[in-house]
Amino acid sequence: MPDKDKVFIFDTTMRDGEQSPGASMSVEEKIQISRVFDEMGIDIIEAGFPISSPGDFEAVSAISKSVKNSIPCGLARATKKDIDACHESLKFAKRFRIHTFISTSPVHMKHKLNMNNEQVLGAIKESVTYARKFTDDVEWSCEDGTRTDLDFMYKTIELAINCGAKTINIPDTVGYSIPEEFAKTIRSIKNNVPNIDKAILSAHCHNDLGLAVANALSGLSAGVRQIECTINGIGERAGNAALEEIVMAIKTREDLLPYETGIKTELISKASKIVSNATGFPVQFNKAIVGKNAFAHESGIHQDGMLKNRETYEIMTPESVGVKKTSLVMGKHSGRHAFKDKLNDLGYSDVTDDVVQAAFGKFKILADKKKHIYDEDIVALVDDSLIIDNKINAINLKSLKVFAGTGEPQRAEMTLDVFGDIKKTSQTGDGPVDAIFKCIKDLYSHDVKLSLYQVHAVTEGTDAQATVSVKIEENDRTTVGQSADTDTLVASANAYLNALNKMLIKREKKSLYKDIEKQKIRGGV
Ligand code: KIV
Ligand code: ZN
């Protein structure tokens, strides 16, 4: 069989994905995500839009220092200061890409840019030429490409390639195209741009009509060799083409899509979880590839077929995307060694001894409370321990009692360790969670907006652990906190504190670190 054509996977979870309202990720979270992406074999990681904020700049720099195989990339408008910011943040990587763009559609040029064709052509020439001073890996995008006049688009692409762009990206910015039309656009570009063989064509499709993946795959058949996508399909408005769907469609339908992506698909599930945790965006149960039900067979007829032969109802195996069969794991007598083996099996081979120790301690407590412990429980425990290991917790929950039920208003009694001071309070609220959050506000006065509170049962059954996600906002800063516990109210308190601790770190990194050092000296934390 001839070698399959390589398709480059360009991930934009941390740039376009982060543009989803409320999906912001911290620098630390982005670094963790980029490690998984790097290991997974993603070719290009668009790590951010460096000029847009100090946080984006810091994340792109950190990622450009840490990635080993993937090429880090930053986004820039067609201006020198944007391109300079890209270069400054990416320069630590041995290879990096600058991705510069300008709108080319009549509606964008008139209302957004207030520029005519000649001015846009001038800006392309200047920006691509300038970006090439820093790297030979320059990507150029014609924003709102699918609503651009084709004859003008050919001119812009030809010019960008002449100025040194090596990748030409065609965005369906507003998710307007349909598969046949998108493929036609790609074919027309191939047939009408004289120097197109000097660049790789790329598809960047948004999902406003639910067609992002279909459009991208259609583009692939017509000649694109790079697809821009995001984990879990997150992104502006209805999102971007979902990486996991693109990659698994190519893998599963190699008869019709004879391409190679080089993605280690067994890491897809891990990537999906880490992005969902960082953004606080849950994955819908029936989401293709990564949804909780994507490999669940409920009806008797399907289950019967599966028992006879998996191929009756399964076009790809759960293992191929890193979903392990739900299995009963160790009981309360299992030792640390068996626990560590289990973590290895679940893909947590690189966690520190401190995290293993913390997760093992929680496992023992859980095993006393809960009859059956499943892989998902272990994952929740270790993720919870990772959160604590990676973040400096200035405020910790010491104890919580909640009085709930009919009649009396719900009341919470709480003790917190606030920078080493033990403080107590009791508050009533509209429900137990409200009472808990009021206690935290009373013990550590702060003013943030709660923009998300969400509970997920980790497994089935009334004794299941609950994972609680909390998102808070302060000015233009957003943080997401998470925690898992068999007691949903304890998980709620810890998730809020986790978000608050992250906010404190964002707010006053330096002075917070000083407080913690003092606290350590006093024997705290
Ligand atoms: O959707 C879009 O047009 C973009 C560009 C910046 C590539 O995200
Ligand atoms: Zn986009």
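These are my notebook entries on a predicted model, taken in the order in which I looked things up.

**Entry 1. The surroundings of ligand 1**

I began with ligand 1 and listed the residues around it. The shell consists of Arg 15, Asp 16, His 99, Phe 101, Ser 141, Glu 143, Asn 169, Pro 171, Thr 173, His 204 and His 206. I sorted these residues by character and found two nonpolar, six polar and three charged. I then asked which strands each supply at least two residues of this shell. They are strand E5 (97-103), strand E6 (138-143) and strand E7 (167-172).

Next I looked up polar contacts to the ligand. A polar side-chain atom of Asp 16 is 3.0 Å from an oxygen atom of ligand 1. For His 204, I noted a polar side-chain atom at 3.1 Å from an oxygen atom of the ligand. The side chain of His 206 has an N or O atom 3.0 Å from an oxygen atom of ligand 1. I also recorded how far the protein covers the ligand: of the 260 Å² of accessible area that ligand 1 has on its own, 94% is covered.

**Entry 2. The zinc ion**

I turned to ligand 2, the zinc ion, and asked which protein atoms are its donors. They are OD of Asp 16, NE2 of His 204 and NE2 of His 206, at 2.0 to 2.1 Å from the ion. Asp 16, His 204 and His 206 also belong to the shell around ligand 1. I wrote down the spacing of the donor residues in sequence as D-x187-H-x1-H. I checked the two histidines for exposure, and both His 204 and His 206 are buried.

**Entry 3. Strand E15 and its partners**

I then examined strand E15, which spans residues 466-474. Eight of its nine residues are buried, and I therefore noted the strand as mostly covered, buried meaning under 20% relative accessible area.

On one pairing, strand E14 (residues 449-457) is joined to E15 by eight bridges, and the two run antiparallel. Within this pairing, Gln 454 has Ser 469 of E15 as its bridge partner. On the other, nine bridges join E15 to strand E16 (residues 477-485), again antiparallel. Here I found Lys 471 opposite Val 480 of E16. E15 and E16 form a hairpin with two residues between the strands, in which Asn 475 takes a positive phi near 50°.

**Entry 4. Two further asparagines with positive phi**

I recalled that most residues other than glycine have a negative phi. I therefore looked up further exceptions to that general pattern.

Asn 114 has a positive phi near 55°. Its place is the loop between helix H4 (106-113) and helix H5 (117-132). Is Asn 114 buried or exposed? Its relative accessibility is 65%, so I recorded Asn 114 as exposed.

Asn 232, likewise not a glycine, has a positive phi of about 65°. I located Asn 232 in the loop between strand E9 (226-229) and helix H9 (243-252). Because its relative accessible area is 14%, Asn 232 counts as buried.

**Entry 5. A lysine in helix H16**

Last, I looked up Lys 502, which lies in helix H16 (residues 488-507). Lys 502 has a relative accessible area of 9%, so I entered it as buried. I also took its separation from Trp 140: the two are 362 residues apart in sequence, and their C-alpha atoms are 36 Å apart in space.

Note on methods:
Residues are numbered from 1 along each chain as its sequence is written. Chains are lettered from A and ligands numbered from 1 in the order in which they are written. This is a predicted model: local features need pLDDT of at least 70, side-chain atom pairs count only at pLDDT 80 or more; totals for chains, interfaces and linings use all residues. Side-chain values use heavy atoms; hydrogens and water are left out. A residue is near a molecule or strand if one of its heavy atoms lies within 4 Å of it. A polar contact is a pair of N or O atoms within 3.5 Å; within protein, one must be able to donate a hydrogen and the other to accept it, and residues adjacent in sequence count only if both atoms are side-chain atoms. Accessible areas come from the Shrake-Rupley method with a 1.4 Å probe; for residues, only the protein chains shown count as cover. Helices (H or I, at least four residues) and strands (E, at least two) are DSSP runs, numbered from the N terminus. Ala, Val, Leu, Ile, Met, Phe, Trp, Tyr, Cys and Pro count as nonpolar, Asp, Glu, Lys and Arg as charged, and the others, Gly among them, as polar. Donors are N, O and S atoms within 2.8 Å of the metal (3.2 Å for Na, K and Ca); water is not among the atoms, so sites may look incomplete. Buried means under 20% relative accessible area, exposed over 50%, partly exposed in between (1.4 Å probe, protein chains only). Two strands pair if DSSP finds at least two bridges between them.
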